[in-house]
Amino acid sequence: MRDSFFANTELIGLIGHPIKHSYSPFIQNFAFEQLNLDYIYLPFDVPAENLKAAVNGVLALGLKGLNVTLPHKEKIIKFLDELSEEASIIGAVNTIVNDHGKLMGYNTDAFGILDTLLPFKEKISGTKVSVIGAGGSARAVIYTLLRHFKPEEINIINRTHQRADTLANDFALKMRFDSFHTFELFPPDNMEALSNSRLIVNATTMGMYPDIEDTITDIEDSFNEEQIVFDLIYNPTKTNFLKMAEMQGAKVVGGLKMLISQAAKSFELWTGAEMPVAIISDSLQQYIGKQNIYSDKN
Ligand code: NAP
């Protein structure tokens, strides 16, 4: 890794709370180094009460941009000058570009979700799908499904039912789709919806490091061999939720590909350069192994 920085080095920050689980500093700094770009990417743990001050800091210190992670993706919008079309429809931002003092918000999660699900397009298009979660990334999932996969029906399943309803109403209006059904997270109410879904997406934080034992209980019977089950969580690389689905014969997909694809899109927005994703992917796998965090073997 690079060990010296000079007056012209551009700084990109990552803000979230907590932030220690993130692989983004590794990905972005490795990519800058591969392309000899004079950038550095640093994580900042920013609790909610400091969000506005952090955004002011970007302007005051002249950072080139930010990645934004949970829990700030929705709340940060009010501090930005302009949003891309997808960020505005999704209502969440994960990437900010400081364009000479003007803060532009983007959502590259949607690109990462599309890249991950594209190999299954034929299988998914026109079918019933279920999204578990109603936070910022569930919004990006629903946007991507509606824009690119034309589902017949979308079930939104969330711990807080009201939040699922709000999300459904919001997208029904913004994207003119009226086949939403909402459920609380706990079985048995959602079992039929899940088992009739060709695609099931976990967009909650349940099962994410360090709470890796957490999962939705008693839904084993909802999975089957016809399904694709996608968990956005990338640490661990295979959650208990995915292990459960795999045991029932479903095709399972973890969040690592999405992580790299969304990072590549953000990288391009800041630098104008294309991230060498194959090299990054190999090195990230090695890095995760070395960290001895949670790999497929666990
Ligand atoms: P968020 O906006 O904070 O939403 C969190 C969601 O999880 C909400 O639906 C929340 O339900 C639910 N939840 C939290 N704790 C729960 C619990 N104990 N039991 C049941 N439900 C619970 O977070 P987010 O930004 O959407 O992120 C969600 C996940 O996606 C995270 O694990 C994140 O790491 C992952 N992600 C991955 C990538 C990638 O590149 N692979 C990118 C973005 C996000 P309530 O509404 O009831 O609170």
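## Polar contacts to the ligand

In this predicted model, a backbone N or O atom of Ala134 is placed 2.9 Å from an oxygen atom of the ligand. The side chain of Asn158 also takes part, with an N or O atom 2.7 Å from a ligand oxygen atom. At Thr204 the contact again involves the backbone, where an N or O atom lies 3.5 Å from an oxygen atom of the ligand. On its own the ligand has 930 Å² of accessible area, and the protein covers 86% of it.

## The surrounding shell

The ligand occupies the largest pocket. Around the ligand are 26 residues, of which Ser137, Asn158, Thr160, Arg163 and Leu232 come nearest. Sorted by class, this shell comprises 11 nonpolar, 10 polar and 5 charged residues.

Two helices, H6 (136-148) and H10 (256-271), each contribute at least two residues to the shell. Helix H10 provides the largest share, with 3 residues.

## Salt bridges

Side chains of opposite charge can pair when their charged atoms come close. The model contains 8 salt bridges. One of them joins Glu74 to Arg139, with 4.0 Å between the closest N and O atoms. This pair connects distant parts of the chain, 65 residues apart: Glu74 belongs to the loop between strand S3 (65-68) and strand S4 (82-83), whereas Arg139 is in helix H6. Helix H6 is also one of the helices that supply at least two residues of the ligand shell.

How values were computed:
Residues numbered from 1 in each chain as written. Predicted model: local features only at pLDDT ≥ 70, side-chain atom pairs only at ≥ 80, totals over all residues. Heavy atoms only, no water. Near = heavy atom within 4 Å. Polar contact = N/O pair within 3.5 Å; in protein donor to acceptor, adjacent residues only side chain to side chain. Areas by Shrake-Rupley, 256 points an atom, 1.4 Å probe, with all protein chains shown as cover. 1 Å grid on protein atoms, 1.4 Å probe; cavity = no way out; pocket = protein on both sides within 12 Å on 5 of 7 lines; lining within 4 Å. Sits in = over half its atoms within 2 Å of the grid points. Helix = DSSP H or I, 4+ residues; strand = E, 2+ residues; numbered from the N terminus. Nonpolar A, V, L, I, M, F, W, Y, C, P; charged D, E, K, R; others polar. Salt bridge = Lys/Arg side-chain N within 4 Å of Asp/Glu carboxyl O.
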